[in-house]
Each structure stands twice: as structure tokens, then as C-alpha cells.
Amino acid sequence: MSAQPGTVPIPLADVSVVGGERAATGIAELDRVLGGGVVRGSLVLIGGDPGIGKSTLLLQASRALADLGAPVLYVSGEESAAQVKLRADRLGVSPKGLYLLAETNLEAIEAHAGSLKPPVLVVDSIQTVYLPDLESAPGSVSQVRECGARLMLLAKRQGVATFLVGHVTKEGALAGPRVLEHLVDTVLYFEGEPHHTYRVLRAVKNRFGSTNEIGVFEMTERGLAEVKNPSGFFLSERPQGVPGSVVVSSLEGTRPFLLELQVLVSPANFGTPRRTVLGMDYNRVCLLLAVLEKRLGFPLQTQDVFVNVAGGARVVEPAADLGLVVAAASSYMDRPVTGNLVVFGEVGLAGEVRAVAGFERRLREAAALGFTGAVVPRNNLSAETPLPLEPQGVVSIDEAIQALLGR
Ligand code: TYD
Ligand code: MG
């Protein structure tokens, strides 16, 4: 094969990095998830359920970006300029540099972007814009894909940091923005429960930063407020001395969160006992209940079990295993976990408690929030490092339940 004309291998050391500049949105939680601010010429997809707060977030982010002096072009295909203005007023967003455009024809959007030359462009949403040359309707796979590709070209050629809003359904099945995930530089998902006010922004792909970081917000009357202390937020309504309630530590990226796990075990009336799980993986919970039953003889096959993570939060980490087992035992025995304690550790099928990552960080967060003790995997303890609080190491769920519930 002959080399293509025009492309020459360059030594890595000689490659000049262009377009690496970043601008802060003024929303620290968003900037961190982006990897330290918005990168010039990058294409960022923000997906999430309708009504979760994507437009609100981007309007608020536009404020600081427009305050920097450069224009921000906010294209709304879903709401009229007047509707966006009303929302902006409510949020107290009124920078001079913010331009609204109610348009869905992508060629017109490109023309306006070409003449205004905004360093930041928001397209809300990718499902509403269309190219007239394509026959399919806006929101169809081919429209979404083609429009996405055109906006990518625009972003790279003009150095415009572009945000695309994409609505996702719970099933994620609709001809949604998922077809864009491979194309864009960064994919963020904005999540939350409809009946809770907190929202989590998660990076699932980021060419300019880590995908581990998350941002936490609360939806208020006046828009999204950053939650600087998520653990305090999630634990604020925790009942004291109640059976079935245990505080666990969940590590999201580099940030440890303390969350309250609640389990209610109550006698089943007839037939197959019920298992209802909110905020944790259903199969993981069934597995842990089976371990508790088989290894320690808790007769859970006669019991309904309800699991909830307080505040509508979600735990995806195995480090919450031990907390779940202890909470279930606590509820079954009707005996609370006393003391100001956090509990964490992965539980194996033999009932063993396994070490978890980020051990010290979890303890530091617990100490910072006023916890005075922790029950943790023994394998995480080493003599050398001084720890912020005095943890008790355990090797099995049996030992943990003995220590916490005196069984
Ligand atoms: P929105 O940003 O329009 O969601 P999306 O663009 O993801 O569809 O947010 C919609 C919800 O947020 C709406 O139900 C009202 C609520 N909201 C507030 O509670 N406070 C506010 O200040 C704003 C602007 C919206
Ligand atoms: Mg919207």
C-alpha cells in the first residue's frame, strides 16, 4: 500500500496540541465532570430523561461562559425564545453575551454559527434538529447521526465548544442519542429520580478527562444548586437507633459517599416471599440474602425483604455488600446498629469479607462527617498507616454481625 499524500508520520514529541484550552463554566460540579472545564472545539453530549434538568443546567452553565465576554449561542428547538427567556429570568441568568435562537433547521443553525462565531454552542435538543436533504423525520436515527456528524465538523473547524442535549428514555431504546456516543468527545448523563430533588451528572466517556467523576446537584425553585457535601445531604434525615438502617460507603470515582441503606424484613404471608429493591442491584441483594441464610442460618425464605437506599440514591459498588447483610440481620433481629458507625466491605459467597479499594478515603469522609467508628474488611488494615478513626476489621459476616448486633 502506498502512503496517502499529505499524511506524514510525526514524532510524538513534535505533535503540537491545539484546542486544549479550557474555560470554566462557573459550576464546579460540572467543570469537574468535564475534566476541568469546557475544552475548545469539543463536542459534548448531555443525555438524560425528559424533565431531569438538562436545559436548566446548560442555561446556568451558559451564564459564566457568556460572562467571559464571548457570545454563547443557545439554540432551542423545543421551546420558543420567549420560553427560554422566562426560564433564564427565573434562574437569574441574563448575560449580554447569551444569544437565543429558536431554530431546528441545521443549515440555518450552521449559518448563524458561522456569522456569530460563538466559542460555545448549545443545541437543545439533537432530536429536534434536522437536515432538509434527508427524508426521514427529526429524531430518527439517520437525522440524529447526520446532524451529529455535521455539528462535529462545525465544532472542530470553528473551534466551537458544542453541547448537544439528548433525551433518553428509561429503556434507552428509542432512536436516541446513543447513536452519537462513539462520535462525540464526551458523553455525560444526567440522572435522578423524578420524586427526589437530587441529580447526578456522570461522565460515561471523556476524551479530555476521567470518566470516574460525578457531579451532584439539587433541583431547587431557582434552578440547580451544587451539592458540595453529598454525604451530609443523603444522611440528613437518618433515623437513629432504628433496626435495619446502616450507613455504608460508596466510592464514586475519587469521591466517597456515605449513604443510608434501609432493609425491612417482615414475615411473608404465603407463597414465595417478596424481594423489593430500590437503589441497589436486585440480583446482588438476592445473592447476599442467600449467603446470610446459608452461612448464618437466618430463615429468610419465610420473610419478605424490602431494600431502599435513602434519598433515592443508588449504590452500584460491592463495598456496600456488608452493609446490606448487616442491615438485613439487624431488621430480622429487630436490633439496631448502635453507635455512630459506617460499615463497608465486599461479601463473597462463603460469607467472607473482602478488601475494598479507596479504604483510607472512605474512612476520611466518615471521620469528616462525625462518624466515630467503622466496621471494615480486616484485609484493608495495615499496621503502618495512621487512620482518621479507629476501625474494627472483620473477616466474615458472622464476625461483623457479632460485633455490631451481638449475635
Ligand atoms: P428542564 O431543564 O426543562 O429539563 P430537560 O431539559 O432535561 O427536559 O427541567 C425541567 C424540570 O425542572 C421541570 O419539571 C421544572 C424543574 N425546574 C425547577 O424545579 N426549578 C427551576 O428553576 C427550573 C428552571 C426547572
Ligand atoms: Mg429541555
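**A loop, a sheet and a ligand**

Let's start at serine 125, which sits in the loop between strand S6 and helix H5 (141-158); helices (H or I, at least four residues) and strands (E, at least two) are DSSP runs, numbered from the N terminus. This is a predicted model, where local features need pLDDT of at least 70, side-chain atom pairs count only at pLDDT 80 or more, and totals for chains, interfaces and linings use all residues. Residues are numbered from 1 along each chain as its sequence is written, chains are lettered from A and ligands numbered from 1 in the order in which they are written, and side-chain values use heavy atoms, with hydrogens and water left out.

Back to that loop: the peptide bond from aspartate 124 to serine 125 is cis, with omega near 5°. Lysine 117, in the loop between H4 and S6, has a positive phi of about 50° despite not being a glycine. For context, most residues other than glycine have a negative phi, and most peptide bonds are trans.

Now for the sheet. Nine strands make up an open, mixed sheet, ordered S5-S4-S6-S7-S3-S8-S9-S10-S11; two strands pair if DSSP finds at least two bridges between them. Strand S5 (98-101) and strand S11 (223-226) are at the edges with a single partner strand each, so one side of each has no neighbour in the sheet. From one strand to the next, the twist averages 25°. Over at the S5 edge, S4 (residues 72-76) pairs with S5 in the parallel sense over four bridges, and tyrosine 74 stands opposite leucine 100 in S5. Helix H4 (residues 106-116) packs on the sheet, touching S4 and S5, and its direction makes about 165° with that of S4. Here, contact means heavy atoms within 4.5 Å, while axes are lines fitted to C-alpha atoms, for helices over the stretch in contact, with angles from 0 to 180 degrees between N-to-C directions.

What surrounds ligand 1? There are 17 residues around ligand 1, with Gly51, Ser55, Thr56, Thr220 and Gly223 coming nearest; a residue counts as near if one of its heavy atoms lies within 4 Å. Helix H2 (54-67), helix H3 (81-91) and strand S10 (214-220) each supply at least two residues of this shell. As for polar contacts (pairs of N or O atoms within 3.5 Å), an oxygen atom of ligand 1 is 2.7 Å from a polar backbone atom of glycine 223, and one is 2.8 Å from a side-chain N or O atom of arginine 87. Taken alone, ligand 1 exposes 560 Å², and the protein buries 74% of that, by the Shrake-Rupley method with a 1.4 Å probe.

Methods
Polar contact = N/O pair within 3.5 Å; in protein donor to acceptor, adjacent residues only side chain to side chain.
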